[in-house]
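Biologist: Please take a close look at one part of this predicted model, the place where aromatic side chains bring distant parts of the chain together. I would like one connected account, with the reasoning behind each description.

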Amino acid sequence: QIHPSKFQTMSSSFSTSPESLASSPGSTLLRVPTDNGSNKIRSLRWGILGCGRVSHDFCLAVHSAFGIRDASAPADDKTAPPVIVACASASSASSASSFASRHSIPRSYGSYSALLADPDVDVVYVGTVHRTRLRDATAVISAGKHLVLEKPFALNYEDAVAIVAKAREAGVFCMEGMWTRFFPVLRHVAENVLSDGEEGLGGIVQITSDFHFNTEDSEKYPDSPLYSFKLAGGAAMYVAPYPLHVATMLLGRTPLAISAVGRVDTGTGVDLQASVSLAYPALVPDENKKNDERPRPNVGPLASLHYGFLTESGETTSILCERGRITINGPSHCPTSVTVERKLPGRGEKETKTTNFPLPVQCGAVAEGDGETMEYFYPNSAGFAYEAAAVCRHIAAGKLEAPECPLDDTLAVMKILDEVRKQIGMDIPKEAEI
């Protein structure tokens, strides 16, 4: 049920064991490649498309985790950590300039095309509005830049296929910005807890995950982009990708059955909540098992996923296994702790262990012009640094995809999202029509 090949992505020097992280919280997954053992860090120069809240948090995480450095350092200066060298806003040059000033970014542009023409930009983080995903991704790829495309990767499966095809043809790195998959908790669950053999928890039986947040805390109905069909709003675009990625990561890309119920707002045309059930194929019998092992039923695992805008849930992910349970504690889309319960002989008997993975330690002081420290908009946004560090490692290694978040997984999630929206009666937006 778990796919080990997906998780063998880091050398032993990038261990995600709790012990290795305990001495310097977050540091292990923040390591970027060194130059022939010289401990000199290779730089990767980022450009930012879109100057909204998510881009703010991404920039703040990169700066605070790696420390701010003069981004005008020469390209061959191997001591430079990942740096953000430019940003662009489609709304106005002044908006981009203000964003650049807040984040110590040396250059700003009033158009995306100007940023993409900047020869000092190696990789582009796209944090623009959903409705232009295909257009923006195509522009980045056509400029020969590496691409990190914030979730949702596209408005629909067809657009996602087109983006992936363009990136592969152009030979540039491309990844959905699904930061959840890079948090140490998820890496620990996938690489350590679920892969420890017969002495461990056994196969996955069912995954249950919830992610509801109350949009009234920060968004005005019906004016917010979250409720705008023309801006590709709705819970399927903003929230559903998180639990769907966890299910895909652990159970595979091809569920045998998809069943969804949900609520679509008649006033705005966007979905407000949904519950999704997925059924996966049965395991292939293990020929290496002992012949005298007692017979066990061989049925495939299930996933039950719930998400929406109307309330606030505990946001936990529970992974029920044959011999225990894993609980990714909330907020499970950006988690910092996991609880593992191992079944002992006798009904209800178990041993329980909770492991904490603190967020990255701040290395650089990030402050506004008046000296006050800037704040994140969203919970645990310091964890964006895990994603950024992984991109640095993979591009430096010449990879065109992140093994932690393969493009084929992204396509599988987009395909499920199309089917879910179809079943609950929501129109699937097409970029050319909105």
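Modeller: F58 is buried, with a relative accessible area of 0%, and F384 also counts as buried, at 6% relative accessibility. These two residues form one of the 13 aromatic pairs that the structure holds. Their ring centres lie 5.7 Å apart and their planes stand at 75°, and because an angle over 60 degrees counts as edge-to-face, the pair of F58 and F384 is described in that way. F58 belongs to helix α4, which spans residues 53–66, while F384 belongs to helix α12, residues 384–396, so the pair ties together parts of the protein that are 326 residues apart in sequence.

The helices that carry these two rings also meet each other. The axes of α4 and α12 come within 8 Å and cross at roughly 75°, and that crossing makes α4 roughly perpendicular to α12. On the side of α4, the contact is made by V54, D57, F58, A61, V62, A65 and F66, and on the side of α12 by F384, A385, E387, A388 and A389, so that both rings of the pair are themselves part of the helix contact, because each is named in it. By character, the residues of the contact of α4 with α12 divide into 10 nonpolar and two charged, with no polar residue.

The pair also belongs to a wider arrangement, since ring pairs link F58 and F384 with W46, Y125, W179, F183 and Y386 into a cluster.

A second aromatic pair can be set beside this one. F309 is buried, with a relative accessible area of 1%, whereas F213 is partly exposed, at 25%. The rings of F213 and F309 have their centres 5.6 Å apart and their planes at 65°, so this pair, too, is edge-to-face. Here the partners lie in loops: F213 in the loop between β7 (204–212) and α10 (235–238), and F309 in the loop between β10 (302–308) and β11 (317–321), so the pair ties together parts that are 96 residues apart in sequence.

Another helix contact offers a contrast in geometry to that of α4 with α12. Helix α7 (residues 133–142) and helix α8 (residues 157–170) pack at an angle of about 0°, with their axes 10 Å apart, and α7 and α8 are therefore roughly parallel to each other. In this contact R133, L134, A137, T138 and I141 of α7 meet D159, A162, I163, K166, A167 and A170 of α8, and the residues involved divide into seven nonpolar, one polar and three charged.

As for the setting of these parts, the protein has 13 helices and 14 strands, and buried residues make up 53% of its 434 residues. Among contacts between residues at least 6 apart in sequence, 70% join residues at least 24 apart.

Some care is needed over confidence. The protein averages a pLDDT of 86, and 81% of the residues score at least 70. Over residues 1–28, however, the pLDDT is below 50, although this stretch has 71 contacts in the model beyond near neighbours in sequence. Residues 69–75 likewise have a pLDDT below 50, and that stretch has 11 contacts beyond near neighbours in sequence.

Conventions: Residues are numbered from 1 along each chain as its sequence is written. This is a predicted model: local features need pLDDT of at least 70, side-chain atom pairs count only at pLDDT 80 or more; totals for chains, interfaces and linings use all residues. Side-chain values use heavy atoms; hydrogens and water are left out. Rings of Phe, Tyr and Trp (its six-membered ring) pair if their centres lie within 6.5 Å; planes under 30 degrees apart count as stacked, over 60 as edge-to-face and the rest as tilted. Helices (H or I, at least four residues) and strands (E, at least two) are DSSP runs, numbered from the N terminus. Buried means under 20% relative accessible area, exposed over 50%, partly exposed in between (1.4 Å probe, protein chains only). Axes are lines fitted to C-alpha atoms, for helices over the stretch in contact, and angles run from 0 to 180 degrees between N-to-C directions. Angles under 35 degrees count as roughly parallel, over 145 as roughly antiparallel, 65 to 115 as roughly perpendicular and the rest as oblique. Contact means heavy atoms within 4.5 Å. Ala, Val, Leu, Ile, Met, Phe, Trp, Tyr, Cys and Pro count as nonpolar, Asp, Glu, Lys and Arg as charged, and the others, Gly among them, as polar. pLDDT is the predictor's confidence in each residue, from 0 to 100.
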